[in-house]
Amino acid sequence: MECKVSSEECVGIWYKDGAEIQSSENLTISKDGCFHRLKIHKVTEENAGKYKFEADGRKTESEIVVEDPPRFDTEELEAFKTAVTVKKGHKATFKLSYNGREPTKVQWYLEGEELSSEGNINIETLDGSSRLLLMKLQRKDSGEIKIKLKNEFGMIEAVSQLNVLDKPTSPLGPLEIVEASSSIIEFKWRPPKDSGGCKIQNYILERQQVGRNTWKKVGPIGPEAKYRDTDVDHGRRYCYRLRVETEIGTSELMETEDIQAGTKAYPGPPSAPKVASAFKDCINLTWSPPADTGGTSILGYNLEKRKKGSNLWGQVNPPNEIIKDKGFAVKDVVEGIEYEFRVSAINGSGAGEFSTPSEFVFARDPKKPPGKVLDLKVTDSTYTTLSLSWNKPKDIKGVEDEAKGYFVEIRPAEKTDWDRCNSNAITMTSYTVKGMKSMAMYWVRVIATNDGGEGEPQELANYILAMPPPGKYICT
C-alpha cells in the first residue's frame, strides 16, 4: 500500500482497524522521499481489515479483503473418507476440522438428505471443527455421508460411507427344481434381498416328509443357493425350510412347496421359430423358451425341418448334440427349396412337445428391390379418374431383381404427403385412379416392389389436371 505526501519532511502513521501498526516479521513500513509504503509479505486471514495512513492531520483509508475459501485438514480428511461400519442399534461418529474465512456454513447429509440436530442425530460445530453423531442406527440408515462447507469465497465437500449391519432377510423364491428323479431332488432358490451388509456364510436347511409332523435338521449347507438331496424315496413328497446365516445372525425362514421324487414333468412348447435371415446355403432361426419349464431348468432344444408339401419331419441337430442356444443356423438346405421348422425344449425329464411350425421360407439369397418402372404414361382421364400404364423395370442380376407388384400413389399439388391408391400390390402394369376432384391438380407416381422391398418411385414429369385430356400426356 502506498501514499504520497506533499513534503519529504512529513511524518506519517499507519493504522489497522484503528490501532497503530509498526514493522514486523511479515510487515514492512518504509519511506522514500514523499512516498510512504506498507508491504505485507505473506497475506493471511489475519491481515484482512481497514487500513489508514495519517500525516499532518490528514488521512486516507483502504481495506484488504482476504479471499479464504474453506478447506479441510488433510490428515483428518483421509481418515474421514474411510467407511464406518457398525452393528444395528449402535452409534457412529464422523468428524472433520477445517480452515477458512468465517462465517462458514456447515451442512451434513445422509444419502442426499440434509441432517439437523434432532432425535437420534447430533451435530456440533465449534472452533473450526464439526462432528456428526448418529445414534440407535438401523440397517436403512446405511448410505453416503457428506459434509459441505461454504463461505463467501467458495464451497468444498467430503464424502464417506456408513454401513449398518443387521440380520439378513429370508431367502427368496420361487423355487427352481433342477432334478426330481426317483432317488434325487435338486433345487435352487434366490439369495435374500438384503444380506444385512454381510457375506452369506451358510444356508441352514431342514426337511420334512409330507405326512409327518417332524422336521429333520440337515444343517448348514454352505453359501451357495442350491441343494441336492440324495436321501429321498421314489414317489414321496418333501418340503424344505431355509434360513440365511451371517456373522450378525440368522434370518427368518422360507418354506418351500412340496416336491415329489421320481415324477417326470416335461416342458411346454417354445415359441414358433422365427426366420432371422435366409440365404441359399443357410437359414438362421431364433425362438423363445417355453413358459412352462416343467419345474426344472431347460437343458437345450431339438430342432426339426421339413420341405413344403412333405409330411416327413427330420431332426436338424444330431440326437446326441442338443442345441444350447435359443437359435440355430441351419446349413443343411438346398437352394430354391421352401422349408418350415419346429422346435422342442428339453429338461431333466426329457423333450417336451414341439412348437407350432415357423412360416415357410426359401433357401435363397435375399432379393434386391426392383428398379424404377419404365414408360409411365397417362392413357385416359376424366373429371374423377385417371388411367395409367407402364412397363416393368429392368432386371439387373445382383443389383435390381424382378418386380412382383406395383403401388400407385398420388399427391394433391397443395400437399406434401403421398396417398397410396392400392393397399395391396397389383401385378398388372396398368391402373385407374378413382375418386379425384374435378379440375384438381395432382402429382402421380408408381413404385415397383418384390420380396426385397420397394424400388425407387417413378413420377410423371408434369402434374395432371382431373379433366378429360385435350391431348396426350407422356412421361419419358
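Guide: UniProt positions follow the numbering used here, and such annotations may be inferred rather than shown by experiment. The model is predicted.

Visitor: At which residues does UniProt place the feature "domain: Ig-like"?
Guide: The feature comes from an unreviewed UniProt entry. The span it covers is 0% helix and 55% strand, and its end C-alpha atoms lie 13 Å apart. UniProt places the feature at residues 1–65.

Visitor: How far apart do the end C-alpha atoms of residues 369–470 lie?
Guide: For "domain: Fibronectin type-III", UniProt (unreviewed entry) lists residues 171–266, 269–366 and 369–470. Residues 369–470 are 0% helix and 43% strand. The end C-alpha atoms of that span lie apart by 37 Å.

Visitor: How many aromatic pairs does the structure hold?
Guide: One of the pairs is F187 with Y227. In total, the number of aromatic pairs in the structure is twelve.

Visitor: Is the pair of F187 and Y227 stacked or edge-to-face?
Guide: The ring centres of F187 and Y227 are 6.2 Å apart, and the angle between the planes is 65°. An angle over 60 degrees is the cut-off that decides the class. The pair of F187 and Y227 is therefore edge-to-face.

Visitor: How many residues apart in sequence are the parts that F187 and Y227 tie together?
Guide: F187 lies in strand β18 (residues 185–190), while Y227 lies in strand β21 (residues 226–229). The pair therefore ties together parts of the sequence whose separation in residues is 40.

Visitor: Is Y227 buried or exposed?
Guide: Its partner F187 has a relative accessible area of 0% and is buried. For Y227 the relative accessible area is 16%. Buried means under 20%, so Y227 counts as buried.

Visitor: Which aromatic cluster includes F187?
Guide: F187 and Y227 form an aromatic pair. Both also belong to one aromatic cluster, formed by F187, W189, Y203, Y227 and Y240.

Visitor: Where does Y463, the partner of W443, lie?
Guide: The rings of W443 and Y463 have centres 6.0 Å apart and planes at 80°, so this pair is edge-to-face. W443 is in strand β38 (residues 441–450), and the pair links parts of the chain 20 residues apart. Y463 lies in the loop between β40 (458–459) and β41 (464–465).

Visitor: What is the relative accessibility of Y463?
Guide: W443 is partly exposed, with a relative accessible area of 23%. Y463 also counts as partly exposed. The relative accessibility of Y463 is 39%.

Visitor: Which residue lies over the face of F407?
Guide: R241 lies over the face of W215, at 4.0 Å from the ring centre. Over the face of F407, at 4.0 Å from the ring centre, lies R420.

Note on methods: Residues numbered from 1 in each chain as written. Predicted model: local features only at pLDDT ≥ 70, side-chain atom pairs only at ≥ 80, totals over all residues. Heavy atoms only, no water. Helix = DSSP H or I, 4+ residues; strand = E, 2+ residues; numbered from the N terminus. Phe/Tyr/Trp six-rings, centres within 6.5 Å; stacked < 30°, edge-to-face > 60°. Buried < 20%, exposed > 50% of the residue type's maximum accessible area, 1.4 Å probe, protein only. Lys NZ or Arg CZ within 6 Å of the ring centre and 35° of its normal.
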